[in-house]
Amino acid sequence: MIRLLLAASVLVAGSGCASTQPATAAAAIESAGPSLAGTEVRCASTGDRTALGAPGSVQVVELWATWCAPCVKALPLWSRLAEEKGIEILAVSIDDERQAPLDFARKHGISLPVLWDPFAQQISTAVPLSGVVPATLVVDCEGLVRHVHEGFAGPQVIDEVAAEVEKLRGESSCKAEAPLARCAP
């Protein structure tokens, strides 16, 4: 419990909202290859637990917050990508209360599954993060984080992630794409 509280306080103390990509956590994640398989967060609308890193499916996990201006710019673009390319994009809010991300998603027409992990407590135990949001994790068909993008450098990041997902879908461990997760705002 102390470890979780320490991790949460480090994430909150160091959390920032960035529009550019710092290299520190990205390099650590890509070299370490941490797993999100079985990491549980909550569906923001129901409070039900949902496991990330489902086997057989590539997922994009977008860590965001309602108070983060680059997140506000990025989420509609992620939502459009999910609809156009059938990519499973999970919008994981790190807000401290569950209703704010739901209200935001409804107001802005975000069709992504909205999940909730206050202060990224669960995800930060599985993946070393610098605390910058938005943070985009591209998770392979075995639940391993293969790519990370911190901050939001603009629409080119969306294209880059789409290419990474397509490449990962071609790996032998990807038997079939799972249907998009259901956790409507």
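**View 1. The largest nonpolar core of the predicted model, with Trp78 among its best-connected members.** In this predicted model, the largest nonpolar core comprises 52 residues, and Leu36, Trp78 and Ile123 are those with the most contacts inside it. Once residues up to four places away in sequence are set aside, Trp78 touches Glu62, Ile89, Leu112, Thr136, Val157, Ile158 and Val161. The protein chain around this core has six helices and nine strands, and 49% of its 185 residues are buried. Among contacts between residues at least 6 apart in sequence, 73% join residues that are at least 24 apart.

**View 2. Helix 3, residues 69-85, and the glycine that follows it.** The 17 residues of helix 3, taken at 1.5 Å a residue, should span 24 Å, and the end C-alpha atoms lie 25 Å apart, which agrees with that expectation. The buried residues of helix 3 are Pro70, Cys71, Ala74, Leu75, Trp78, Ser79, Leu81 and Ala82. Just after the helix, Gly86 adopts a positive phi of about 65 degrees.

**View 3. The packing of helix 3 against helix 6.** Two packed helices are described by the distance between their axes and the angle between them. The axes of helix 3 and helix 6 (residues 155-169) come within 11 Å and cross at roughly 35 degrees, and the crossing in which helix 3 passes helix 6 is right-handed. Helix 3 contributes Leu77, Trp78, Leu81 and Lys85 to the contact, while helix 6 contributes Pro155, Val157, Ile158, Val161, Ala162 and Arg169. Of the helix 3 residues in this contact, Trp78 and Leu81 are listed among the buried residues of that helix.

**View 4. Asp140, a buried residue in the loop between strand 8 and strand 9.** Asp140 lies in the loop that runs between strand 8 (135-139) and strand 9 (145-150). With a relative accessible area of 2%, Asp140 falls under the 20% limit and is therefore classed as buried. A polar atom of the Asp140 side chain lies 2.9 Å from the backbone nitrogen of Glu142. Leaving aside neighbours within four places in sequence, Asp140 is in contact with Ser57, Val58, Arg146 and Leu168.

**View 5. Phe119, a partly exposed residue in the loop between strand 6 and helix 5.** Phe119 is found in the loop between strand 6 (114-116) and helix 5 (121-126). Because its relative accessible area of 30% lies between the 20% and 50% limits, Phe119 counts as partly exposed. Phe119 and Ile94 are separated by 25 residues in sequence, yet their C-alpha atoms are 4.7 Å apart in space.

Terms used. Residues are numbered from 1 along each chain as its sequence is written. This is a predicted model: local features need pLDDT of at least 70, side-chain atom pairs count only at pLDDT 80 or more; totals for chains, interfaces and linings use all residues. Side-chain values use heavy atoms; hydrogens and water are left out. Helices (H or I, at least four residues) and strands (E, at least two) are DSSP runs, numbered from the N terminus. Buried means under 20% relative accessible area, exposed over 50%, partly exposed in between (1.4 Å probe, protein chains only). A polar contact is a pair of N or O atoms within 3.5 Å; within protein, one must be able to donate a hydrogen and the other to accept it, and residues adjacent in sequence count only if both atoms are side-chain atoms. Contact means heavy atoms within 4.5 Å. A nonpolar core is a set of buried Ala, Val, Leu, Ile, Met, Phe, Trp, Tyr and Cys residues joined through side-chain atoms within 4.5 Å. The expected span of a helix is 1.5 Å times one less than its number of residues. Axes are lines fitted to C-alpha atoms, for helices over the stretch in contact, and angles run from 0 to 180 degrees between N-to-C directions. A crossing is left-handed if the near helix is turned anticlockwise from the far one by less than a right angle, and right-handed if clockwise.
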